[in-house]
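Hi,

Here's the structure I said I'd pass along. Have a look at it first, and my notes follow below.

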Amino acid sequence: MSASEVLSLAGRAAVGPGTRVLDLCCGEAGPGLFVTRSLGCTYRGVDASARAIARARRQAAREGIEARLDVGTIPPVPPGPFDVVLLLETMLAFRDKRALLRGIASALATGGRFACTVEEGLPLTEAERHLMPAAETVWLTPLPAFLADVESAGLRVRWYGDCTSAHHARVDSLVGTYAAAGPLVGRGEGTSAVDGLLTSHRLWSCWLRDRRVRKFAVVAEKA
């Protein structure tokens with residue numbers, strides 16, 4: 001997501017001064033710290049990567065941002081109450097989305113909001129899973145089924161928007177970036193890591209272009 005898209009989604013979720021925000025699978029917390037700095041919320045980020053959390057803590061310290069950043073695997077979702085739960089660019093990795101959504105709902109205060117991005121489409125075929133690197137982290141779901149799961153968790157969908165075209169353009173840009181940086185990245189991470197990035201992003205580009213996959217942003221509220 002671009003910075004403007006992140007800020008727009010946070011605005012739709014009514015993030016503002018004093019809002020208690022939980023950012024799941026936050027990585028290095030770039031989007032989360034940006035939202036905190038821009039909108040004045042209180043922030044807690046959780047990610048399974050100790051390396052990513054260490055970098056996030058250093059960045060928060062450099063910017064003078066008060067933030068709680070924890071190493072942890074999701075699920076379980078940390079207990080709340082939180083006013084907003086964010087899950088950006090990682091819904092795809094969860095096979096059991098219903099259980100995840102129930103955990104998110106339980107962590108929200110009444111009237112709390114859940115904001116996420118989701119890649120929607122039919123589940124990958126066996127042939128597609130064979131082509132996609134790290135296919136065990138790619139669990140597509142049709143949008144109506146996902147929205148029904150959101151509602152069944154006790155969350156009322158307030159808004160959703162199609163961002164497929166913008167996402168497709170960004171994927172194509174990343175393909176060019178990874179290809180150009182391949183020799184440099186390969187020396188540090190190994191050529192197999194670069195090859196995997198290129199292969200996966202080229203597949204996403206094709207699927208997004210053909211609307212095999214679409215990308216949505218969603219905001220829901222706990223009744």
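At what angle do helix 1 and helix 2 pack, and how far apart are their axes? This is a predicted model, and in it helix 1 (residues 3–12) packs against helix 2 (residues 30–39) at about 60 degrees, with the axes 10 Å apart. The crossing of these two helices is right-handed. On the helix 1 side, the contact is made by Ala3, Val6, Leu7 and Ala10, and they meet Pro31, Phe34, Val35, Ser38 and Leu39 of helix 2. Sorted by type, the residues in this contact come out as 8 nonpolar and 1 polar, with no charged ones.

Now for the sheet. It's an open one with 7 strands in the order 3-2-1-4-5-7-6, and the pairing is mixed. Strand 3 (68–71) and strand 6 (155–162) sit at the edges with a single partner strand each, so each has one side left without a neighbour in the sheet. On average, and ignoring direction, neighbouring strands here are turned by 15 degrees against each other.

If you want one pairing to look at in detail, try strand 1 (residues 20–24) with strand 4 (residues 82–87): the two run parallel and are joined by 4 bridges. Asp23, for instance, has Leu86 in strand 4 as its bridge partner.

One more helix to check is helix 3 (residues 50–63). Helix 3 lies across strand 2 (42–47) and strand 3, and its direction is at about 165 degrees to strand 3.

Cheers

Terms used. Residues are numbered from 1 along each chain as its sequence is written. This is a predicted model: local features need pLDDT of at least 70, side-chain atom pairs count only at pLDDT 80 or more; totals for chains, interfaces and linings use all residues. Side-chain values use heavy atoms; hydrogens and water are left out. Two strands pair if DSSP finds at least two bridges between them. Axes are lines fitted to C-alpha atoms, for helices over the stretch in contact, and angles run from 0 to 180 degrees between N-to-C directions. Contact means heavy atoms within 4.5 Å. A crossing is left-handed if the near helix is turned anticlockwise from the far one by less than a right angle, and right-handed if clockwise. Ala, Val, Leu, Ile, Met, Phe, Trp, Tyr, Cys and Pro count as nonpolar, Asp, Glu, Lys and Arg as charged, and the others, Gly among them, as polar.
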